[in-house]
Amino acid sequence: MDAQTPRSVGANLLIALAFLFAGMLLVVPLVLIFSIALRDGVGAYLNAILEPATLHAVFLTVTTAIIVVPINMVVGAALAWLVTRFRFRGRNLLVSFIELPAAVSPIVAGVVYLFLYGNQGLLGPLLQWAGVQVMFTPLAIVLVSLFVTAPYVARELIPLMQQQGTEDEEAALSLGATGWQMFWHVTLPNIRWGLVYGAVLTNARVMGEFGAVSVVSGSIRGQTNTLPLQINLLFNDFNIAGAFAAASTLALIAVLTLLLKSLLEAWERR
Amino acid sequence: MAQHRSKHLLPGFGLSMGLSLFYLTLIVLLPIAAMLLKVAGMGWPEFWRIISSNRALSAYRVTFSSALFATAINGVIGLLLAWVLTRYRFPGRRLLDALVDLPFALPTAVAGLVLVTLFDASGWYGQLLEPAGIRVSYTQLGIIAAMAFTSVPFVVRSVQPVLEEVETDLESAAMTLGASRWQVFTRIIWPAILPAFIGGCVISFARSLGEFGAVVFIAGNLPGVTEIVSLLIFIRLDEYNYEAAAALAFVLLVVALLTLLASNALAAWQVRYVDRKS
């Protein structure tokens with residue numbers, strides 16, 4: 001059954017099947033993206049990416065990620081610290097509640113924000129009175145992105161911190177470290193790869209979020225279109241080359257995400 | 001430590017509790033409460049009329065049946081991948097392992113774009129399937145394909161760690177006592193991975209129910225035939241029918257909550273199983 005013994009025919013068959021499924025489901029789609037994006041040559045590909053609307057979508061997508069990822073890293077670490085280091089009433093409820101944004105349809109995420117900040121929403125009249133527009137602006141995109149990725153970092157850190165226990169931290173405190181010293185010199189080095197991995201996943205989801213953003217962005221071309229929305233727009237305009245060029249940038253980020261993830265796991269094993 | 005007034009051993013309870021509650025209230029709870037208020041304000045008859053309309057009922061049927069099929073496919077493929085990844089050592093194993101996460105990393109809109117192109121009549125897969133009379137693009141099969149693609153990692157990633165933990169000495173012992181490979185699988189391995197397997201399937205199902213980006217590209221979005229609940233909500237918003245959107249979103253929110261509770265209960269079951277064994 002192990003590496004030393006020669007594999008049976010059945011085992012080889014299963015491995016071949018696994019590669020067949022993975023190839024058809026995962027490799028072929030990746031190959032397709034780049035082959036269509038580069039079909040008309042590198043020049044045409046660069047032109048499609050450097051088109052102002054697409055370039056602006058790249059800018060908006062990257063800006064959103066730069067704002068959202070650090071916020072959810074800090075909050076995710078705080079949440080993980082809270083639920084793994086302390087026992088308090090409502091703890092289990094809180095753990096379930098953290099997961100909710102990732103379990104619900106992204107369309108619902110968009111809808112709940114519409115009912116808070118939209119003109120029909122709870123704060124709508126107040127915002128109108130103050131002359132502040134939240135819906136259909138980049139701010140709304142940032143808010144729904146914070147919502148959909150709220151669980152990602154905590155989800156990575158909670159099992160990790162539970163497994164590590166509290167001995168290291170208690171030792172630091174008994175040696176006279178302050179709370180912050182303990183956090184910077186003991187906790188953070190212990191959880192850094194989990195934290196980075198959570199951030200990488202958060203980043204991938206923020207950059208790729210489609211449903212929630214399409215509800216709250218208003219999809220104003222060149223103003224509130226993120227990359228996934230831009231892909232949809234180009235596709236509906238029958239601009240297949242443009243859609244695949246835009247998609248290839250996100251696919252590249254996805255491949256980098258997987259690469260980083262494998263590297264982080266390898267480092268953690270060491 | 002003596003002068004610590006807190007009843008907790010470690011510092012930061014107040015800070016982390018304050019930050020967590022403040023953030024969750026502002027970003028998660030308040031928006032959900034705003035939608036619940038909208039739903040509460042519409043009255044029961046109106047709410048019931050919206051969520052039991054024929055179009056909504058067909059949307060539930062399409063969404064649920066597609067998610068069920070997608071989960072069944074992922075159960076089989078996910079179990080196979082988890083098994084091969086944990087049980088055998090072969091060249092390309094690390095690559096295969098990394099590839100499994102692709103659907104998590106690839107944006108759903110990109111997945112939708114790729115699937116609709118692959119299954120198009122002139123696409124790489126469509127060319128082979130259409131002559132055989134199998135149409136995937138703009139049919140329910142397309143919805144199933146999109147849901148299956150976006151949720152395939154869930155089953156693999158929940159079964160994989162448990163499969164690694166199943167003691168191989170227990171298996172070898174059973175084998176030396178004359179058990180067949182099949183008996184070892186059904187009597188020892190399967191009971192051990194069952195909770196994780198069901199848990200993975202539940203999350204995969206929940207994710208499929210909520211999938212939007214990949215599905216809208218390939219589904220054709222014909223009301224009553226290939227219209228999923230998320231899309232119906234989107235259409236109602238486009239028509240400025242906010243009440244209908246809120247009522248349908250409420251249905252999806254409740255379903256998401258129920259699946260979450262179910263998967264947490266399964267996780268607890270898994271823990272109990274492990275405790276009982278040791």
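Two residues are in contact if their C-beta atoms, placed from the backbone, lie within 7 Å. The model is predicted.

**Exercise 1. The A–B interface**

Determine how many residues of chain B are in contact with chain A, and describe that side of chain B.

*Solution.*
- Apply the contact cut-off across the two chains: 70 residues of chain B are in contact with 70 residues of chain A.
- Next, find the main contributor on the chain B side. Helix H1 (residues 13-40) of chain B gives the most, with 16 residues.
- Then sort that side of chain B by residue class: 54 nonpolar, 12 polar and four charged.

**Exercise 2. Helix H8 of chain B**

Compare the expected span of helix H8 of chain B with the distance between its end C-alpha atoms, then examine its bend and burial.

*Solution.*
- H8(B) covers residues 140-165, which is 26 residues.
- The expected span is 1.5 Å times one less than the number of residues. For H8(B) this gives 38 Å.
- The end C-alpha atoms of H8(B) are 38 Å apart, so the two values agree.
- Now look along the axis. H8(B) bends by about 45 degrees at Ser151(B). A proline, Pro153(B), follows within four residues.
- Last, burial: a residue is buried if 20 or more other C-beta atoms lie within 10 Å of its own. In H8(B), 20 of the 26 residues are buried, so the helix is largely enclosed by the rest of the structure.

**Exercise 3. Placing Ala173(B)**

Is Ala173(B) buried, exposed or partly exposed?

*Solution.*
- Locate the residue: Ala173(B) is in helix H9 (residues 168-176) of chain B.
- Count its C-beta neighbours inside 10 Å: there are 13.
- Exposed requires 12 or fewer, and buried requires 20 or more. Ala173(B) therefore counts as partly exposed.
- For its distance to another part of the chain, take Glu46(B). The two residues are 127 apart along the chain, and their C-alpha atoms are separated by 64 Å.

**Exercise 4. The architecture of chain A**

Describe the secondary structure, extent and domains of chain A.

*Solution.*
- Count the elements: chain A has 13 helices and zero strands.
- Take the extent along the principal axes. The C-alpha atoms of chain A fill a box of roughly 70 × 65 × 30 Å.
- Check burial: 46% of the 270 residues in chain A are buried.
- Consider contacts between residues at least 6 apart in sequence. In chain A, 75% of these join residues at least 24 apart.
- Split the chain: the assignment gives domain 1 (1-37) and domain 2 (42-269). Their C-alpha centres lie 31 Å apart.
- Finish at the boundary. Five residues of domain 1 of chain A are in contact with six residues of domain 2 of chain A. On the domain 1 side, the residues divide into five nonpolar, no polar and no charged.

Technical notes. Residues numbered from 1 in each chain as written. Chains lettered and ligands numbered in written order. Predicted model: local features only at pLDDT ≥ 70, side-chain atom pairs only at ≥ 80, totals over all residues. Helix = DSSP H or I, 4+ residues; strand = E, 2+ residues; numbered from the N terminus. Bend = angle between axes of the 7 residues up to and from the residue. Nonpolar A, V, L, I, M, F, W, Y, C, P; charged D, E, K, R; others polar. Domains from an automatic or database assignment.
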